Amino acid sequence: MIGFLKRWWRVATGPSKFFSLGFLTLGGFVSGVLFWGAFNTALEFTNREAFCIGCHEMRDNVYQELQDTIHFTNRSGVRATCPDCHVPHEWTHKIARKMQASKEVWGWLFGTIDTRQEFQAMRRTLAEHEWHRLKANDSLECRNCHGADSMDITRQSPRAARIHERFLFTGERTCIDCHKGIAHELPNMEGVPPGWDPQWDRAAALSSGVGQGQGPMGDSGD
Amino acid sequence: MKAWLLLAAALLLPCLALAAGESPRLVGPSPMPAEVPAPPLPADRADDVRRTRNYPDQPPVIPHSITDYQIDLNTNRCLTCHARQYAEAVQAPMISVTHYQDRDGQFLGGVSARRYFCTQCHVPQTDARPLVDNRFEDIDTILERLRRGRDGQ
């Protein structure tokens with residue numbers, strides 16, 4: 001084994017015997033470009049809604065629920081697709097999320113969610129994953145479209161304006177704290193307080209970690 | 001003689017019409033299976049202004065949009081504002097104390113199961129034109145009219 005490695009090390013570190021320097025550098029460059037292009041193409045292929053709903057788990061459950069909501073059907077016809085909310089747009093975070101998603105491939109291979117009943121049983125767990133993720137990144141995927149700076153609260157209902165002023169603009173809460181279940185049905189919400197709960201910190205601590213302060217948003221010491 | 005003829009015609013004509021399957025319909029498209037364009041959906045009254053109740057135990061109507069509100073075994077969106085604990089934070093009217101009683105009048109810690117499905121009694125209002133006139137008068141209007149009638153005599 002050691003001998004085998006040593007031989008390959010000698011070949012890899014020694015000068016090229018047959019190929020010219022120009023071929024190796026240019027060839028390396030071209031194949032690098034090709035690899036990078038292919039990698040990103042494949043990555044983007046998995047980043048389409050058609051790919052997501054290629055599996056029955058997604059098509060029959062979450063996709064059906066999405067279609068009734070404001071993020072699918074609305075007066076202006078702008079809509080969010082699965083990756084808009086569930087995959088970060090920025091490259092590093094996207095790769096991290098894609099690596100996490102290998103767990104979902106495992107679940108698909110072994111039929112973790114084959115029936116509606118199995119999906120319903122998993123719903124709270126799955127929802128908690130997304131709540132945690134969006135809480136940790138300060139609702140990044142919401143903010144890809146909804147910017148607090150562009151939000152004209154005079155055009156909101158007084159109720160919404162008051163709450164956004166109180167919680168969103170101060171950074172005390174993030175989108176997902178209040179806006180859960182905006183694109184899919186909610187799971188059993190026992191022990192999950194709404195974001196405007198005056199007992200938020202206490203309630204969040206009681207509820208099995210959901211909504212607990214993670215990252216800078218959690219500490220409201222100021 | 002002319003009157004007799006007219007009467008006979010008046011009796012006969014509806015029978016002929018019935019035989020032809022042309023009886024006039026009170027509601028819906030005529031003839032029956034015809035497809036007519038659906039009327040436009042009326043807009044919600046979503047101004048957050050509370051409406052007067054017509055009688056004391058009328059379930060108050062909802063002055064905001066409740067589109068996509070989830071009310072089921074898993075969660076109740078209405079209660080995230082109108083439940084006792086959250087009413088102050090969002091300045092929503094708290095659901096009345098009767099919702100925290102069972103049917104024997106015993107008080108409960110949370111919302112009674114029989115009061116859980118809000119939209120069974122509480123409904124949003126739209127700008128739709130009423131199909132028939134509403135001549136309802138509340139008790140004060142009736143009493144006022146009676147009083148005036150008595151004073152007038």
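Select chain A first: buried residues make up 16% of its 222 residues. This is a predicted model.

**Chain A, whole**

Keep all of chain A in view and switch to a cartoon. Twelve helices appear, and zero strands. Walk along the sequence and the pattern reads α-α-α-α-α-α-α-α-α-α-α-α.

Now show the C-alpha trace alone. Along its principal axes, the trace of chain A spans about 75 × 45 × 40 Å. How does the radius of gyration of chain A stand against that of a compact globule of 222 residues? The chain has 24 Å, where such a globule would have a value near 17 Å.

Next, draw the contacts within chain A. Take those with a separation of 6 or more. Of these, 53% join residues 24 or more positions apart.

**Two domains**

Colour chain A by its domain assignment. Residues 27-145 form domain 1, and residues 149-179 form domain 2. Place a marker at the C-alpha centre of each domain. The markers for domain 1 and domain 2 of chain A sit 27 Å apart.

**Leu134(A)**

Select helix α8 of chain A, residues 116-136. Leu134(A) is found in this helix. Is Leu134(A) buried or exposed? Count the other C-beta atoms within 10 Å of Leu134(A): there are 22. The cut-off for a buried residue is 20 or more, so Leu134(A) is buried.

Stay on Leu134(A) and hide its neighbours within four places in sequence. Which residues is Leu134(A) then in contact with? They are Ser139(A), Glu141(A) and Ile176(A). By the domain bounds, residues 27-145 belong to domain 1 and residues 149-179 to domain 2, so you can colour these partners accordingly. For a distance check, add Asn61(A). Leu134(A) and Asn61(A) are 73 residues apart in sequence, and their C-alpha atoms are 21 Å apart in space.

**Where chain A meets chain B**

Bring chain B into view. On the side of chain A, 17 residues are in contact with eleven residues of chain B. Colour that side of chain A by class. It shows nine nonpolar, four polar and four charged residues.

**Helix α4 of chain B**

Finish on helix α4 of chain B, residues 139-152. Measure between its end C-alpha atoms: they are 20 Å apart. At 1.5 Å a residue, the 14 residues of this helix should span 20 Å, so the two values agree.

Now look at how α4(B) is covered. The helix is hardly covered, and the count of buried residues among its 14 residues is zero.

Technical notes: Residues are numbered from 1 along each chain as its sequence is written. Chains are lettered from A and ligands numbered from 1 in the order in which they are written. This is a predicted model: local features need pLDDT of at least 70, side-chain atom pairs count only at pLDDT 80 or more; totals for chains, interfaces and linings use all residues. Domain bounds come from an automatic or database domain assignment. Helices (H or I, at least four residues) and strands (E, at least two) are DSSP runs, numbered from the N terminus. The radius of gyration is taken over C-alpha atoms; the globule rule is 2.2 Å times the number of residues to the power 0.38. A residue is buried if 20 or more other C-beta atoms lie within 10 Å of its own, exposed if 12 or fewer, and partly exposed in between; C-beta atoms are placed from the backbone. Two residues are in contact if their C-beta atoms, placed from the backbone, lie within 7 Å. Ala, Val, Leu, Ile, Met, Phe, Trp, Tyr, Cys and Pro count as nonpolar, Asp, Glu, Lys and Arg as charged, and the others, Gly among them, as polar. The expected span of a helix is 1.5 Å times one less than its number of residues.
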